[in-house]
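Thanks for making the time this morning. I would like to walk you through a few local features of one protein, so please have the sequence and the model open as I talk.

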Amino acid sequence: MRTIKLYHILLAVVGAAFFTSCKKQDLPVATDQMIHFANQGSSARYSVLSNNTAPFEVGVGTIKPVTTNTNFTISVSSPTGATEGVHYNLPSGKSFSVAAGTALAKFPVSGVFSQYESGARRDTLVFRITSADIEIAPFDTTFTLILRGPCFEGDVVLEDFLGVYSAVEDLGGSVFGPYPVAVTEVAYTSSTTGTMKMAGIFDDWVVVFQLDWTDPNDRKITLTEQVNVGSAEYLYAPGTRAQVRPYPGLTGTFSWCNSTIVVVMDVGVVGVGYAGVPYVVQMTN
């Protein structure tokens, strides 16, 4: 079923490569060795749970292994007002080195537990590479770290769910993934409920879900029946449209602390009917 989708992805990659080759004369020529932030994404969360919480390690990498020790210096700013030495600690000098023969260096960031123990404070740190022995890359130029204390699932901030997730789906035992799904919109309907719009489920589906964390230990994601949510070509036949509805007896869940989402639904084709098996999508960010 999903091999057609893979074909489309491969076709897009080949097409992009062809377009790039045709426009090559318009693109700047980059050197073959540059330095940049090298982490799983452009941002991350760091929970300071105790005085013994291990430091968060920020990665800085190069295009290929360096032949000599390559020095670089970073800067850090905080739009939330976090102060070095009070809320977090860094090695003095903020200068580090990618060792010869390697392509990655890491430097530690330690949160001060007493500042985050109550769980009320959250801070944002923005790191930049300010100088280096080699060219600084035009990509991955910043890295953002969110510091917080012990996490309580009842303190949900819906805006934190916005972004792209890695999704794995299971349709009646047929597993596919990972592939990207984006949370594009969120809105509060009360202090402990809200809505979330997701784009990219299955292929191009856009579906709205309801979230309820009234009981922080029993967080739920549900949905109402929705038609014309996207193409049903891979589900049924070309030109058909997809529909979704709740699957009887099953609901999804989510974790604000761990940035995970699980949705469950029944899927079908408009004018034809429903599959009648659980369609489960598990997402991590």
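Let me begin with a word that I will use throughout: by buried I mean a residue with under 20% relative accessible area. Please also keep in mind that this is a predicted model.

With that cut-off in hand, both Trp-213 and Phe-254 are buried. I will come back to how these two meet, but let me take the aromatic residues in order, since a search of the whole structure finds 13 aromatic pairs. In one of them, the ring centres of Phe-202 and Trp-205 are 4.6 Å apart and the planes lie at 15°, so this pair is stacked. Phe-202 has a relative accessibility of 1% and counts as buried, and Trp-205 is buried as well, at 0%. Trp-213 and Phe-254, on the other hand, form an edge-to-face pair, with 6.4 Å from centre to centre and 90° between the planes. Because Trp-213 lies in the loop between β14 and β15 while Phe-254 belongs to strand β18, the pair ties together parts that are 41 residues apart in sequence. Elsewhere, Phe-37, Tyr-46, Phe-56 and Phe-143 make up one aromatic cluster, and the charged end of Arg-245 sits over the ring of Tyr-274, at 3.9 Å from the ring centre.

Let me turn to Gln-33, which is found in the loop between α1 and β1. What does the side chain of Gln-33 reach? It reaches the backbone nitrogen of Ile-63 at 3.1 Å and the backbone oxygen of Lys-64 at 2.8 Å. Gln-33 is itself buried, with a relative accessible area of 14%, and among its contacts beyond four places in sequence are Pro-65, Val-66 and Ile-134.

The strand that follows this loop, β1, takes part in an open sheet of five strands, ordered β5-β7-β3-β1-β9 with mixed pairing. Strands β5 and β9 stand at the edges with a single partner strand each, so one side of each has no neighbour in the sheet. Strands β1 and β9 run parallel and are joined by two bridges, and the bridge partner of Ile-35 in β9 is Ile-136.

Finally, consider Arg-122 in strand β8, which is partly exposed at 29% relative accessibility. Its side chain makes a polar contact with the side chain of Asp-160, at 2.9 Å, and Arg-122 also touches Trp-256, Val-157 and Thr-80, among others.

Definitions and conventions: Residues numbered from 1 in each chain as written. Predicted model: local features only at pLDDT ≥ 70, side-chain atom pairs only at ≥ 80, totals over all residues. Heavy atoms only, no water. Helix = DSSP H or I, 4+ residues; strand = E, 2+ residues; numbered from the N terminus. Buried < 20%, exposed > 50% of the residue type's maximum accessible area, 1.4 Å probe, protein only. Polar contact = N/O pair within 3.5 Å; in protein donor to acceptor, adjacent residues only side chain to side chain. Contact = heavy atoms within 4.5 Å. Pairing = 2+ DSSP bridges. Phe/Tyr/Trp six-rings, centres within 6.5 Å; stacked < 30°, edge-to-face > 60°. Lys NZ or Arg CZ within 6 Å of the ring centre and 35° of its normal.
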